[in-house]
Amino acid sequence: MFSSKMNQRLHLPLLGRPFAAYETPCHNGGVRPSLEWIANVSIDDHSQPDAIRMSEPQTSPTDSRAPSQALPVLVLQGGGALGSYQAGAYQALCHHSFTPGWIAGISIGAVNAAIIAGNPPELRVARLKEFWEMATAPTMAWRPYLVGDSSRSAFHEAAACWIAAFGVPGFFTPRFPPAPLWPPGSPQSLSYYDTAPLRATLERLVDFKLINARQTRLSVGAVNVTTGNFTYFDSFKQQIGPEHIMASGALPPGFPPVEIDGAHYWDGGLVSNTPLDYVLDQERDRDLLIFQVDLFSARGPLPSTLLEAAEREKDIRYSSRTRMNTDANRKLHNARMAVRVLLQEIPPELRNSAAARMLAAEAKENTVTVVHLIYKRKNFEANSKDYDFSRIGMIDHWAAGEHDVYASMRHSEWLQRPQSGETMVTYDLTGDGLS
């Protein structure tokens with residue numbers, strides 16, 4: 001599966017050279033990714049990563065199924081500048097030949113998802129690198145010259161202030177005149193920044209014809225400004241364009257709402273910062289192996305300053321929704337299993353009743369494995385970490401994503417372990433293990 005050149009490059013230190021393997025295309029040997037292909041892992045004790053090979057799915061519903069025999073899904077949370085963690089995680093998954101058949105994202109996760117789904121496998125990592133290097137270009141020459149957390153913290157706060165003042169190339173620019181000077185009700189009066197550069201970037205880096213060819217499913221979430229309803233734009237249900245990706249990342253009051261078919265949309269993270277619920281609701285037949293890449297951790301130290309308190313609040317606000325959604329769906333899946341067991345124990349004459357048939361239909365489900373990859377904050381990071389688009393911060397986040405994937409794959413026995421009674425199991429293999 002891996003060429004000798006790739007194996008040699010993968011021996012480079014991950015944290016020191018996060019872009020070391022870009023010259024090697026990431027692909028699956030020419031196999032076109034689709035929902036009919038699934039992952040089958042091969043485990044060994046060599047220093048290079050385990051290879052996830054593509055194979056035909058099991059078709060018997062009575063088979064004892066392991067996560068490695070499920071549809072691979074990538075779920076990407078919102079989190080601004082922290083999104084390079086997701087890019088690094090995808091690069092590492094790519095080197096395990098993990099090819100998702102479905103990618104769902106919100107906010108910056110939608111941008112990363114569009115870049116992945118909107119390029120052939122051999123170009124995806126290079127396009128992610130191009131986006132993140134472009135986004136961090138203004139501070140590429142900056143580096144903290146003093147050692148220690150205090151120096152790094154001051155550096156990153158200064159970088160975030162620079163971004164707030166001057167914007168991010170290819171992403172957003174400050175409005176001039178500022179929003180308060182525009183007439184009320186005008187598009188310019190609704191946000192501090194103009195996101196027109198993001199549209200041009202998406203049109204350049206994403207092949208929307210490829211997305212709409214439905215080879216890899218793409219789903220992005222946004223919220224309707226006037227109704228407050230949460231909406232998903234899904235390439236298997238409609239044509240996807242740059243405006244759908246921009247809507248998913250239109251976080252007010254920084255970014256303006258995006259108009260689509262006469263309705264206006266804001267960032268989906270206002271309602272739910274992870275698209276896990278949507279994936280589970282939409283797929284009830286095929287088994288799923290979901291890599292959920294989160295950018296905010298629920299756990300953290302007690303804050304000691306106002307800035308630390310603001311950061312901790314943000315972490316809890318966004319991560320708690322992820323944990324709540326995961327726990328709720330796991331309970332729902334296990335409740336359905338209990339209903340199925342109960343239906344087998346009732347008298348045969350009752351099994352054919354309308355109520356029993358309705359319960360049987362509602363209890364039908366698949367087996368789901370969720371692998372949490374959760375970015376863990378650094379001591380020097382503060383509340384500005386999600387808009388600190390400094391080059392050194394981006395490289396740190398990217399390398400952390402790589403590291404966490406490789407750490408998870410060192411515990412790869414879970415890929416071959418059939419679900420033991422539960423229909424939904426979640427793992428955090430870089431933290432507390434089975435959750």
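Which residues form a nonpolar patch on the surface? In this predicted model, the patch consists of L251, L270 and V271, and together these residues have about 210 Å² of accessible area. L251 is placed in the loop that runs between helix 8 (242-248) and strand 9 (258-260). Its relative accessibility is 36%, so L251 counts as partly exposed.

L251 also appears in the description of the largest pocket, where it is listed with G80, F255, D386 and Y387 as the residues closest to the centre. The volume of this pocket is about 700 Å³, and 32 residues line the pocket. Four elements give two or more residues to the lining: helix 3 (108-117), helix 5 (149-166), helix 8 and helix 10 (306-345). Helix 10 provides the largest share, which amounts to three residues. Sorted by class, the lining of the largest pocket contains 20 nonpolar, eight polar and four charged residues.

Cavities were examined as well. The structure holds seven cavities of 30 Å³ or more, and the volume of the largest cavity is about 90 Å³. Of the 14 residues that line the largest cavity, H156, F380, E381, D388 and H397 are the closest to its centre. Helix 5 and helix 13 (391-409) are the elements that give two or more residues to this lining. The lining of the largest cavity divides into three nonpolar, four polar and seven charged residues. Helix 5 is thus named for the lining of the largest pocket and for that of the largest cavity.

Helix 8, one of the elements that line the largest pocket, includes M246. The relative accessible area of M246 is 9%; because the limit for a buried residue is under 20%, M246 is classed as buried. Its C-alpha atom is separated by 9.2 Å from that of A222, a residue 24 positions away along the chain.

The backbone was then considered. Most residues other than glycine have a negative phi, and most peptide bonds are trans. Two cis peptide bonds are described here. One runs from F176 to P177, with omega near -5°; P177 belongs to the loop between strand 5 (173-174) and strand 6 (193-194). Another joins P252 and P253, and its omega is about -5°. P253 is located in the loop between helix 8 and strand 9, which is also the loop that holds L251.

Positive phi values are found at S107 and R214. S107 is not a glycine, yet its phi is about 60°. This residue sits in the loop between strand 4 (102-105) and helix 3, and with 11% relative accessibility S107 counts as buried. R214, likewise a residue other than glycine, has a phi near 65°. R214 is found in the loop between helix 7 (208-212) and strand 7 (217-224). At 43% relative accessibility, R214 counts as partly exposed.

Charged side chains were searched for salt bridges, and the whole structure contains 10 of them. In the bridge between R127 and E130, the closest N and O atoms are 3.8 Å apart. Both residues are part of helix 4 (residues 124-135), where they are three residues apart, about one turn of the helix. R127 has a relative accessible area of 24% and is partly exposed; E130, at 29%, is also partly exposed.

A salt bridge between R199 and E243 has its closest N and O atoms 3.8 Å apart. This pair connects distant parts of the chain, with R199 in helix 6 (residues 196-205) and E243 in helix 8, 44 residues apart. Relative accessible areas of 32% for R199 and 22% for E243 place R199 and E243 in the partly exposed class.

R317 and E313 form a further salt bridge, in which the closest N and O atoms are 2.6 Å apart. The two residues lie in helix 10, four residues apart, about one turn of the helix. R317 is partly exposed at 32% relative accessibility, and E313 is partly exposed with a relative accessible area of 39%. Elsewhere, salt bridges that share partners join R127, E130 and R204 into one network.

Technical notes:
Residues numbered from 1 in each chain as written. Predicted model: local features only at pLDDT ≥ 70, side-chain atom pairs only at ≥ 80, totals over all residues. Heavy atoms only, no water. Patch = residues over 30% accessible without salt bridge, like charges linked within 9 Å, V, L, I, M, F, W, Y side chains within 5 Å. Areas by Shrake-Rupley, 256 points an atom, 1.4 Å probe, with all protein chains shown as cover. Salt bridge = Lys/Arg side-chain N within 4 Å of Asp/Glu carboxyl O. Buried < 20%, exposed > 50% of the residue type's maximum accessible area, 1.4 Å probe, protein only. 1 Å grid on protein atoms, 1.4 Å probe; cavity = no way out; pocket = protein on both sides within 12 Å on 5 of 7 lines; lining within 4 Å. Points joined across faces, edges and corners; volume = space filled by probe spheres on them. Nonpolar A, V, L, I, M, F, W, Y, C, P; charged D, E, K, R; others polar.
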